[in-house]
Amino acid sequence: MKIDWKRKLSSRKFWALLAALATSILAAAGAGESVTMQVTGVIGAVGACVAYMLAESYADGNGNKTEE
């Protein structure tokens, strides 16, 4: 069984899961609210960038095929 990493990394559900997991771990470790919010914000920003880059590379790849 092969994992489709492009699809996983472009999934909003995946990035929401990572943010929720990080928030839970930080809360259990006793991190402050500001640290938790900063880490969650970074995960959300990275997730949005990854999803955008994968979507653009997919669109560029399909655009080149239709022009040929």
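Which residues does Ile-43 touch, not counting residues up to four places away in sequence? In this predicted model, the partners of Ile-43 are Trp-15, Leu-18, Ala-19 and Ala-22. These contacts make a convenient way into the structure, and the overall architecture is described before returning to them.

The protein contains 3 helices and 0 strands, and its elements follow the pattern α-α-α when read along the sequence. The radius of gyration is 16 Å, well over the 11 Å that the globule rule gives for 68 residues, so the protein is more spread out than a compact globule. Along the principal axes, the C-alpha trace spans about 55 × 30 × 10 Å. Buried residues account for 12% of the 68 residues. The protein exposes about 5,600 Å², of which 64% is supplied by carbon and sulfur atoms.

Confidence deserves a word before the details. The average pLDDT of the protein is 82, and 91% of the residues score at least 70. Among the helices, confidence is lowest in α1 (residues 5-9), with a mean of 80, and highest in α2, with 86. As a general caution, predicted coordinates should not be read in detail where pLDDT is low.

Attention now turns to the nonpolar core. The largest such core has 5 residues, namely Trp-15, Ala-19, Ala-22, Ile-43 and Val-50. Two or more residues of this core are given by each of the elements α2 (12-29) and α3 (33-67). Helix α2 provides the largest share, 3 residues. The contacts of Ile-43 fit into this picture: Trp-15, Ala-19 and Ala-22 are core members, and Ile-43 touches these three as well as Leu-18.

Trp-15 also takes part in an aromatic interaction. A search of the whole structure finds 1 aromatic pair. This pair joins Phe-14 and Trp-15 in an edge-to-face arrangement, with 5.5 Å from centre to centre and 80 degrees between the planes. The planes count as edge-to-face because the angle of 80 degrees is over the 60 degrees required. The two partners fall into separate accessibility classes. Trp-15 has a relative accessibility of 15% and therefore counts as buried, since the limit for that class is under 20%. Phe-14, at 22% relative accessibility, counts as partly exposed.

Threonine residues of helix α3 add further contacts. Thr-36 is found in helix α3 and is buried, with a relative accessible area of 10%. Leaving aside residues up to four places away in sequence, Thr-36 touches Thr-23, Leu-26 and Ala-31. Thr-40 also lies in helix α3, but this residue is partly exposed, with a relative accessible area of 25%. With the same sequence neighbours left out, Thr-40 touches Ala-19 and Thr-23. Thr-23 is thus a contact of both Thr-36 and Thr-40, while Ala-19 links Thr-40 to the list of core residues.

What separates the C-alpha atoms of Ile-25 and Thr-36, 11 residues apart along the chain? The separation is 9.3 Å. Ile-25 lies in helix α2 and is partly exposed, with a relative accessible area of 49%. That value stays within the partly exposed class because exposed means over 50%.

Arg-12 offers a contrasting environment in helix α2. At 74% relative accessibility, Arg-12 counts as exposed. From Arg-12 to Ile-43 there are 31 residues in sequence, and the C-alpha atoms are 11 Å apart in space. Arg-12 and Thr-40 are 28 residues apart along the chain, with a C-alpha separation of 14 Å.

Taken together, the features described here centre on helices α2 and α3, the elements that give two or more residues to the largest nonpolar core. Ile-43, with contacts to Trp-15, Leu-18, Ala-19 and Ala-22, belongs to that core.

Methods
Residues are numbered from 1 along each chain as its sequence is written. This is a predicted model: local features need pLDDT of at least 70, side-chain atom pairs count only at pLDDT 80 or more; totals for chains, interfaces and linings use all residues. Side-chain values use heavy atoms; hydrogens and water are left out. Rings of Phe, Tyr and Trp (its six-membered ring) pair if their centres lie within 6.5 Å; planes under 30 degrees apart count as stacked, over 60 as edge-to-face and the rest as tilted. Buried means under 20% relative accessible area, exposed over 50%, partly exposed in between (1.4 Å probe, protein chains only). A nonpolar core is a set of buried Ala, Val, Leu, Ile, Met, Phe, Trp, Tyr and Cys residues joined through side-chain atoms within 4.5 Å. Helices (H or I, at least four residues) and strands (E, at least two) are DSSP runs, numbered from the N terminus. Contact means heavy atoms within 4.5 Å. The radius of gyration is taken over C-alpha atoms; the globule rule is 2.2 Å times the number of residues to the power 0.38. Accessible areas come from the Shrake-Rupley method with a 1.4 Å probe; for residues, only the protein chains shown count as cover. pLDDT is the predictor's confidence in each residue, from 0 to 100.
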